[in-house]
Amino acid sequence: MNGTWFNDLLDGVGAAGAAVRVTVISAEGSAPRGPGAAMTVWADRFDGTIGGGELEHQALQTARALLTDENDGAWRREVRRYPLGPTLGQCCGGRVGLLYEVLRAEEGVALVQDSFDEEALAVRPLVSGTALDLVQERKQDRDGWPLGVRRAVREMCAGIRHRETLVIDGYLIEPLARTLAPLFLYGAGHVGRAAVKVLSDLPFHIYWVDTARARYPDDMPPGVEPVIATDPARIAAHAPDGAWHVVMTFSHALDLDICRHVLSATGFAYLGVIASKTKRARFVRRLRDEGIADSALARLHAPIGLPGITGKEPASIAVSLAADLLIRLEAQRRAAKPDNVFRTEEKQ
C-alpha cells in the first residue's frame, strides 16, 4: 500500500510557483537522519524534516537562497556535504550529504508522464543540470545505468527488497510514494481513537473498522480509511496477505470472531488483541477447541504493546502499541533484504 508524496509536491509547486526538495543522500557515523529523509522548502514554510538542529537550519537557508537564484533554465540540483561536528557544532559528529533540487511549475509538468502511477521510481544521477528520469515498473532496464543501479531497481520492482531511497554508483533511487503496511484496526472506542492518532503518522495505511459511522470522530486523520461493517470479522477474512491486525472492539465475542478469521489464514503479518492474560488464555482455549493450530495461536499477541509499559490510559496503550509495531515492522524489512543488497551498499 502506498501513500503518494510526489503528487502533493507537484500540487504545492503549482500553487506556490517553486520549491526546493532537500534529500539526505548519505549519512556517516552519528547523524540525525538516514538516507531518504527529506523536506520540501517553500518561500514561507517547509514540510518534513532532515533531523532538526543546525544542519536543518543551514539547509533551510541554502534552499531559500536557491529559490531566489536565477539560473540558465537547467534543472537546478546541487550536492553539499556537511561535517556535523567541525562545521555545524552538532555533538553527534557524523557527516551528512544533502541533495538540493529546485522544482518549478514547468519542470513539474515535464515530470508527469501519461503512464505515471504510484508505483514509479525516480532514478537520476547526482550531477547538476540533468532532468529526473521517471521509471515505471515495466521499464526496468535502462542503457547506461551502472550494474548496481539496474540490479537494485529490478529487486524493488520484483518485491525482493523493500522500496527505499538508495545511493548507488553515483545514482539516487527514490520511490515516488511511501511504502505503507496495511493495518486493520478494529474498534473506534477510546483506545482505538488514541491508537489511530499515533499510528496515522507512522508507515501504515490504516483501515479503521467498526459497525457504524457514528462511532468515528468527526475529523479523520490523513492516511486513515474508515471501513463500516455490520460484521467486522468478514473484513478480517478478506484482508490481503501481509496485513497487520489490531483488535479492540466493544465486544469480547466480536474480538474472538475476528481473531478466528485472521488465524484461519496464514498470510497475516501480525495479530494483536487488547486483552488481559486471563482473556488471552480464554481465547486460546476456545480457538484451540475450534481447531486453530497451536502454531497459529502462538502468533496471537495479547496483551498488546511493549511489556515494560504498564499504563492503562488510552494514550499509554497507543504509544506502547505503536512502538511495538514499529520494532516489528523494521525487523520485517531488515529480514527482507537480500544478501547481495548489503554487499552492494557496503561498497559505497
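Start by selecting Asp257, Arg260 and Glu290: these three residues are linked in a network of salt bridges. Keep in mind as you go that this is a predicted model. Now zoom in on two members of the network, Asp257 and Arg260. Their closest N and O atoms are 2.5 Å apart, and the two residues form a salt bridge. Show the ribbon as well, and you will find both residues in helix α7, 3 residues apart, which is about one turn of the helix. Are they buried or exposed, or something in between? Asp257 has a relative accessibility of 21%, so it counts as partly exposed. Arg260, at 22%, is partly exposed too.

Stay with helix α7 and select Asp255, then add Lys279. Here is another salt bridge, with 2.8 Å between the closest N and O atoms. Which parts of the chain does this pair tie together? Asp255 belongs to helix α7 (residues 252-264) and Lys279 to helix α8 (residues 277-289), so the bridge joins parts that lie 24 residues apart in sequence. Try turning on the surface. Lys279 is buried, with a relative accessible area of 6%, and Asp255 is buried as well, at 0%. Buried means under 20% relative accessible area, so both residues qualify.

Next, jump to Arg45 and Asp47. Their side chains meet in a salt bridge, at 2.9 Å from N to O. Arg45 is partly exposed, at 36% relative accessibility, and Asp47 is partly exposed at 39%. How many salt bridges are there in the whole structure? A search finds 9 of them.

Time for some rings. The model has 4 aromatic pairs. Select Trp208 and Tyr216 to see one that is edge-to-face: the centres are 5.3 Å apart, with 85 degrees between the planes. Planes over 60 degrees apart count as edge-to-face, so this pair fits that label. Rotate the view until you can see one ring along its edge and compare. Both partners are buried: Trp208 has a relative accessible area of 1%, and Tyr216 has 4%.

Now select Phe204, Trp244 and Tyr270 together. These three residues form one aromatic cluster.

For the last stop, pick Phe268 and Arg299. What lies over the face of Phe268? Arg299 does, at 3.8 Å from the ring centre. Turn the model so that you look at the ring from the side, and see how the two residues are placed.

Methods:
Residues numbered from 1 in each chain as written. Predicted model: local features only at pLDDT ≥ 70, side-chain atom pairs only at ≥ 80, totals over all residues. Heavy atoms only, no water. Phe/Tyr/Trp six-rings, centres within 6.5 Å; stacked < 30°, edge-to-face > 60°. Buried < 20%, exposed > 50% of the residue type's maximum accessible area, 1.4 Å probe, protein only. Lys NZ or Arg CZ within 6 Å of the ring centre and 35° of its normal. Salt bridge = Lys/Arg side-chain N within 4 Å of Asp/Glu carboxyl O. Helix = DSSP H or I, 4+ residues; strand = E, 2+ residues; numbered from the N terminus.
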